[in-house]
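Trainee: Please take me through this structure step by step, and explain each term when it comes up.

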Amino acid sequence: QVQLVESGGGLVQPGGSLRLSCAASGIILSIATMGWYRQAPGQQRELVATVTSGVTKYADSIKDRATISGDNNQHTVDLQMNNLTPEDTGVYYCYAVIAVTNFAVFYDVWGQGTQVTVSS
């Protein structure tokens, strides 16, 4: 069973920075994509940033303020967010697309989520 374990959430003042980290564990044959989604209260879960074979993708709302970095060998992904605003508040979920038993079948895997609160 594959698990994603997140860390790094918390309370930060507007204009501050946070670094989220996620590590995948378990039987992993290959990771196609790793990234982060977030869900604000009363809203749907939305993409924040992903990395696939070194190619990064960002939500427009954060692309100038965030950097995602992944290590497929270590099965980790980090998200550095700067100049945070209250609109960045939400639960941040680590996400991965992982092959477990063969290279032809990939599964979506989600972490439990970590709370990020931006408030003064």
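Trainee: How far apart do the centres of the positive and negative side chains of the protein chain lie?

Mentor: Lys and Arg count as positive and Asp and Glu as negative, while His and the chain ends are not counted, and each charge is placed at NZ of Lys, CZ of Arg, CG of Asp or CD of Glu. Keep in mind that this is a predicted model, in which local features need pLDDT of at least 70, side-chain atom pairs count only at pLDDT 80 or more, and totals for chains, interfaces and linings use all residues. The protein chain has 6 positive and 9 negative side chains, and the distance between the centres of these two sets is 3 Å.

Trainee: How many helices and strands does the protein chain contain, and what pattern do they follow?

Mentor: Helices (H or I, at least four residues) and strands (E, at least two) are DSSP runs numbered from the N terminus. The count is zero helices and eleven strands, and read along the sequence the pattern is β-β-β-β-β-β-β-β-β-β-β.

Trainee: What radius of gyration does the protein chain have?

Mentor: The radius is taken over C-alpha atoms, and the globule rule is 2.2 Å times the number of residues to the power 0.38. For 120 residues a compact globule would come near 14 Å, and the protein chain agrees with this, since its radius of gyration is 14 Å.

Trainee: Which strands hold the two cysteines of the disulfide?

Mentor: A disulfide is a pair of cysteine sulfur atoms within 2.5 Å, and Cys22 and Cys94 are joined in this way, with S to S at 2.0 Å. The link is left-handed, with -85° about the S-S bond. Because the two cysteines are 72 residues apart in sequence, the pair ties together separate parts of the chain, Cys22 lying in strand E3 (residues 18–25) and Cys94 in strand E9 (residues 90–99).

Trainee: Are Cys22 and Cys94 buried or exposed?

Mentor: Buried means under 20% relative accessible area, exposed over 50%, and partly exposed in between, using a 1.4 Å probe and protein chains only. Of the 120 residues of the protein chain, 40% count as buried. As for Cys22 and Cys94, both are buried.

Trainee: Which residues does Ala96 contact, leaving aside its neighbours within four places in sequence?

Mentor: Ala96 belongs to strand E9, and its relative accessible area of 0% makes it buried. Its C-alpha atom is 7.5 Å from that of Ala32, although 64 residues separate the two in sequence. Contact means heavy atoms within 4.5 Å, and with those near neighbours left aside, the partners of Ala96 are Leu4, Thr33, Met34, Tyr107, Asp108 and Val109.

Trainee: What separates the C-alpha atoms of Gln3 and Val109 in space?

Mentor: Residues are numbered from 1 along each chain as its sequence is written, and side-chain values use heavy atoms, with hydrogens and water left out. Gln3 is placed in strand E1 (residues 3–7) and is partly exposed at 45% relative accessibility. Although Gln3 and Val109 are 106 residues apart along the chain, their C-alpha atoms are separated by 7.5 Å.

Trainee: Where does Ser53 lie, given that its phi is a positive value in a residue other than glycine?

Mentor: Phi of Ser53 is near 50°, and Ser53 counts as exposed, with 71% relative accessibility. Its place is the loop between strand E5 (46–52) and strand E6 (55–58).
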